[in-house]
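Trainee: I would like to go through the terms used for this model and the values behind them.
Mentor: Then ask about each term in turn.

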Amino acid sequence: MINEVPYDQVLEIRHKVMYPDKPKDSVILPDDKKGLHIGYYKDDKPVSIVSLFLNLETKELQFRKLATLVEFQNRGYGSQLVRWILDYTKDLQFPRVWCNARVEKIDFYKKFGFTETDQVFEKNGFKYVVLEKCSF
Ligand SMILES: CC(C)(COP(=O)(O)OP(=O)(O)OC[C@H]1O[C@@H](n2cnc3c(N)ncnc32)[C@H](O)[C@@H]1OP(=O)(O)O)[C@@H](O)C(=O)NCCC(=O)NCCS
């Protein structure tokens, strides 16, 4: 089941999965208060989470920090969240959905029709590329 996730639980999973070696506060995004935080629930517990940010002016949706607890990875839960995001973007009639993807995750997103842009950058020792899906 996919539903909203309380912010403290979002931070906990983000921290555990993505930056366990950094302080807890380092996973807070300045825009988090404006975000829609959703997750895949297994047995009433969120195990995979992602945060959505809507730009109402440009009609674009950005998703950030998709993370599945290690012991629940490779079971299709992250994919279910990506499909939910695509459906939601369509419902909103937004022409573009995008994310900054770690380069080693590009193939994961390509399965859903995301394509690479020429925007690449490096942050926290990770290489990122902007992936997008437009007018679908
Ligand atoms: C990337 C990440 C969010 C994927 O989450 P996940 O819940 O493991 O995703 P899924 O299980 O849907 O898919 C992972 C793989 O398992 C496969 N898979 C295994 N069992 C599956 C099932 N029952 N149904 C669907 N897919 C399944 C998928 O095809 C996919 O293969 P691929 O990576 O070769 O494309 C997760 O690995 C993660 O949290 N990584 C660390 C943080 C991170 O890198 N986040 C993304 C930053 S861009």
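**Terms and values**

Mentor: A search of the whole structure finds 0 disulfides. This is a predicted model, where local features need pLDDT of at least 70 and side-chain atom pairs count only at pLDDT 80 or more, while totals for chains, interfaces and linings use all residues. Residues are numbered from 1 along each chain as its sequence is written, and side-chain values use heavy atoms, with hydrogens and water left out.

Trainee: How do you know that Cys-99 is in no disulfide?
Mentor: A disulfide is a pair of cysteine sulfur atoms within 2.5 Å. The nearest cysteine sulfur to Cys-99, that of Cys-134, is 12 Å away, so Cys-99 does not meet the definition.

Trainee: Why is Cys-99 called buried?
Mentor: Buried means under 20% relative accessible area, exposed over 50%, and partly exposed in between (1.4 Å probe, protein chains only). Cys-99 has 1%, so it is buried.

Trainee: What makes Cys-134 partly exposed?
Mentor: Its relative accessible area is 39%, which lies between the two cut-offs, so Cys-134 is partly exposed.

Trainee: How do you know that β3 and β4 pair?
Mentor: Two strands pair if DSSP finds at least two bridges between them; strands are DSSP runs of E, at least two residues, numbered from the N terminus. Strand β3 (residues 45-55) and strand β4 (residues 60-68) are joined by 7 bridges and run antiparallel, so they pair. Phe-53 stands opposite Gln-62 in β4.

Trainee: What makes β1 and β6 edge strands?
Mentor: The open sheet has 7 strands in the order β1-β2-β3-β4-β5-β7-β6, with mixed pairing. β1 (2-4) and β6 (115-123) each pair on one side only.

Key
Helices (H or I, at least four residues) and strands (E, at least two) are DSSP runs, numbered from the N terminus.
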